[in-house]
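Could you walk me through this structure in my viewer, one selection after another? I would like to know what to click on next and what is there.

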Amino acid sequence: MSETETGSAEPIVDYDIHKILKALPHRYPLLLVDRVKTIHLNERIHAVKAVSMNEEFFQGHFPGAPIMPGVLQIEALAQAAAILGIETLELSGTGKLVIFMGIENAKFRAPVTPGCLLDLEVEFLQKRSRVYKFKGLASVEGKPTCQVEFTAMIADPPAG
């Protein structure tokens with residue numbers, strides 16, 4: 001893609017937890033993005049989840065052999081994708097939500113254990129009006145742990 005098709009040639013790099021909280025409605029214990037390393041608008045994002053033994057899910061998955069559930073790796077990738085979508089469309093702070101529509105080709109390659117820094121890399125595959133398709137890769141120290149393609153849409157928050 002050319003620079004005009006991909007937006008800014010310079011990536012966004014100063015994206016801290018305060019910006020994450022502004023972009024996402026998620027909060028503890030379901031906020032699974034701790035830091036964003038880079039965002040290339042209209043293209044891709046590289047975010048990080050610091051996996052701690054203090055995570056609630058480790059109490060039951062599995063006692064004595066803690067492993068981050070694969071579905072939570074997919075959720076972390078989806079949250080990174082939501083940040084990419086919200087920032088690309090300049091919707092941060094508007095209350096708009098990015099909602100899962102489908103998950104395809106999910107593969108789990110290696111366990112994620114406490115103490116890991118889980119790298120979350122997501123890129124756009126397709127963009128149509130309010131529906132987007134993404135490809136995600138979670139990894140630890142360069143070793144893939146989860147690969148997935150998923151579809152999401154931009155939506156208004158529920159009334160109430």
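Two rings of Phe, Tyr or Trp (for Trp, its six-membered ring) count as a pair if their centres lie within 6.5 Å. Keep in mind along the way that this is a predicted model.

**Stop 1: the rings**

With that rule in hand, the count comes to 5 aromatic pairs. Select Phe100, Phe124, Tyr132, Phe134 and Phe150 and show their side chains: ring pairs link these residues into a cluster. Now add Lys127 to the selection. The charged end of Lys127 sits over the ring of Phe124, 4.6 Å from the ring's centre.

**Stop 2: the nonpolar core**

Keep Phe134 on screen and add Val36, Ile83 and Leu120. These four are the residues with the most contacts inside the largest nonpolar core, which has 42 residues. To see where the core comes from, colour helix H2 (17-23), E1, E2, H3, E4, E5 and E6, since each of these elements gives two or more residues to it. Which element gives the most to this core? Helix H3 does, with 11 residues.

**Stop 3: the enclosed space**

Rolling a probe the size of a water molecule over the atoms shows where empty space is left. How many cavities of 30 Å³ or more does a search of the whole structure find? The search finds 1, and about 40 Å³ of space lies in the largest cavity. To frame this cavity, select Ala81, Gly85, Val98, Phe124, Tyr132, Phe134, Ala152, Met153 and Ile154, which line it. Phe124, Tyr132 and Phe134 are already familiar from the ring cluster. H3, E5 and E6 are the elements that give two or more residues to the lining of the largest cavity, and E6 gives the most, with 3 residues. By class, this lining divides into 8 nonpolar residues, 1 polar and no charged.

**Stop 4: the second largest pocket**

Leave Val98 selected and add His26, Ala78, Ala82 and Ile99. Among the 17 residues that line the second largest pocket, these five lie nearest its centre. The volume of this pocket is about 170 Å³. Helix H3 (70-88), E3 and E6 each supply at least two residues of its lining, with H3 giving the most, 6 residues. The lining of the second largest pocket has 13 nonpolar, 2 polar and 2 charged residues.

Pause on Ile99, which lies in strand E3. Is Ile99 buried, partly exposed or exposed? Its relative accessibility is 37%, so Ile99 counts as partly exposed; the partly exposed range runs between 20% and 50%. Next, draw a distance from the C-alpha atom of Ile99 to that of Met153: the two atoms are separated by 5.3 Å, although the residues are 54 residues apart along the chain.

**Stop 5: the largest pocket**

For the last stop, select Glu121, Glu123, Lys135, Gly136 and Leu137. These residues lie nearest the centre of the largest pocket, which is lined by 16 residues and has a volume of about 240 Å³. Which strands supply at least two residues each to this lining? Colour E1 (35-40), E2 (44-50), E3 (97-108), E4 (117-128), E5 (131-140) and E6 (143-155) to see them. The lining of the largest pocket has 4 nonpolar, 6 polar and 6 charged residues.

Technical notes. Residues numbered from 1 in each chain as written. Predicted model: local features only at pLDDT ≥ 70, side-chain atom pairs only at ≥ 80, totals over all residues. Heavy atoms only, no water. 1 Å grid on protein atoms, 1.4 Å probe; cavity = no way out; pocket = protein on both sides within 12 Å on 5 of 7 lines; lining within 4 Å. Points joined across faces, edges and corners; volume = space filled by probe spheres on them. Helix = DSSP H or I, 4+ residues; strand = E, 2+ residues; numbered from the N terminus. Nonpolar A, V, L, I, M, F, W, Y, C, P; charged D, E, K, R; others polar. Phe/Tyr/Trp six-rings, centres within 6.5 Å; stacked < 30°, edge-to-face > 60°. Lys NZ or Arg CZ within 6 Å of the ring centre and 35° of its normal. Core = buried A, V, L, I, M, F, W, Y, C linked by side-chain atoms within 4.5 Å. Buried < 20%, exposed > 50% of the residue type's maximum accessible area, 1.4 Å probe, protein only.
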